[in-house]
Amino acid sequence: MMFNLKVSCSDSCCSSKVKEDICKVCGQKGHSVKEITVKQFLKRPLSQYKGFYFCKNPDCDVVYFNNEKYIYLKKEDINTKVGIKEGSGLICYCFGYTIEQTKEHGEKVLDEINKKIKSLGCECEIKNPSGRCCLSDIREVIKSEVI
Ligand SMILES: [Zn+2]
């Protein structure tokens, strides 16, 4: 099966470089998130928000981790539901698309989001708990439905 779906947008959320680190709780790779993102989604403030990574593994309770400081923030520490960790709910936080809609409408959702990003821009850094553009997550959902 060939996929020719656009996976990134031209906005800052996609062009910014991310680093990877291993979530020590589940052993899977996570990507770095900006301070502004972590700050936005925590129920209780921390003294600093540098050096955090996002664990997207649905089987892991950890959402943000910082191996250097031994800080592991779990779902219960986060003020929103993380759709890609629950397997349901919001996946595109900028325009309100859900995993359920993505499964039902597939590439149509991807198309619509792409158009909206072009005309309206996106704010993934402060709206999406992963701090990143949702397009690659959406592509993964579509792929997993097709197979
Ligand atoms: Zn994890």
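The following exchange asks how several descriptions of this predicted model are reached.

Reader: What makes up the chain, and in which order do its elements run from the N terminus on?

Author: The predicted chain has seven helices and seven strands, and from the N terminus on its elements follow the order α-β-β-α-β-β-β-α-β-β-α-α-α-α. Of its 147 residues, 32% count as buried, and among the contacts with a separation of 6 or more, 58% are between residues 24 or more positions apart.

Reader: Why is Phe-54 called buried or exposed?

Author: A residue is called buried when 20 or more other C-beta atoms lie within 10 Å of its own, and Phe-54, with 27 C-beta neighbours inside 10 Å, therefore counts as buried. Phe-54 has its place in strand E3, residues 52–54, and, leaving aside residues up to four places away in sequence, it touches Gly-30, His-31, Val-33, Val-63, Tyr-64, Ser-130 and Gly-131.

Reader: Why is Tyr-70 called buried or exposed?

Author: The word exposed is used when 12 or fewer other C-beta atoms lie within 10 Å, and because Tyr-70 has 8 C-beta neighbours inside 10 Å, Tyr-70 counts as exposed. Tyr-70 lies in the loop between strand E4 (62–66) and strand E5 (71–74).

Reader: What is there to note about the phi of Tyr-70?

Author: Most residues other than glycine have a negative phi. Tyr-70 is not a glycine, and yet its phi is positive, at about 55°. This residue belongs to the hairpin of E4 and E5, which has four residues between the strands. A positive phi, near 80°, is also found at Gly-121, which follows helix H5.

Reader: How do you know that E3 and E4 are paired, and which residues stand opposite each other?

Author: Two strands are said to pair if at least two bridges are found between them, and E3 and E4, which run antiparallel, are joined by two bridges. Tyr-53 stands opposite Phe-65 in E4, while Phe-54 stands opposite Tyr-64 in E4. On the other hand, the C-alpha atoms of Phe-54 and Asn-66, which are 12 residues apart along the chain, are separated by 9.1 Å.

Reader: How many bridges hold the pairing of E4 and E5?

Author: E4 and E5 pair over four bridges in the antiparallel sense, and the bridge partner of Tyr-64 in E5 is Leu-73. E4 is mostly covered, with four of its five residues buried.

Reader: What makes the sheet an open one, and which strands stand at its edges?

Author: Five strands form this open sheet in the order E1-E2-E3-E4-E5, with antiparallel pairing. Strand E1 (20–22) and E5 stand at the edges, and each has a single partner strand, so one side of each is left without a neighbour in the sheet. Neighbouring strands of this sheet are turned against each other by 35° on average, with direction ignored.

Reader: How do you know that the length of H5 agrees with what is expected of a helix?

Author: At 1.5 Å a residue, the 14 residues of H5 should span 20 Å, and since its end C-alpha atoms are 19 Å apart, the two values agree. The buried residues of H5 are Val-109, Leu-110, Ile-113 and Ile-117. Because they cover an arc of only 100° around the axis, they are placed on the same side of H5.

Reader: What covers the buried residues of H5, and what does the face turned away from them carry?

Author: The cover of the buried residues includes E6, strand E7 (97–98), H4 and H7, whereas the face of H5 turned away from its buried side carries the exposed residues Lys-108, Lys-115, Lys-118 and Ser-119.

Reader: How do the buried residues of H7 lie around its axis, and why are they said to share a side?

Author: In H7 the buried residues are Leu-135, Asp-137, Ile-138, Val-141 and Ile-142. They cover an arc of only 160° around the axis, and therefore they lie on the same side of H7. These residues pack against helix H3 (83–86), strand E6 (90–92), helix H4 (99–105) and helix H5 (107–120). H7 itself, residues 135–146, has 12 residues and reaches 17 Å from its first C-alpha to its last, which is close to the 16 Å expected at 1.5 Å a residue.

Notes. Residues are numbered from 1 along each chain as its sequence is written. This is a predicted model: local features need pLDDT of at least 70, side-chain atom pairs count only at pLDDT 80 or more; totals for chains, interfaces and linings use all residues. Two residues are in contact if their C-beta atoms, placed from the backbone, lie within 7 Å. The expected span of a helix is 1.5 Å times one less than its number of residues. The arc is that of the directions from the helix axis to the C-beta atoms. Axes are lines fitted to C-alpha atoms, for helices over the stretch in contact, and angles run from 0 to 180 degrees between N-to-C directions.
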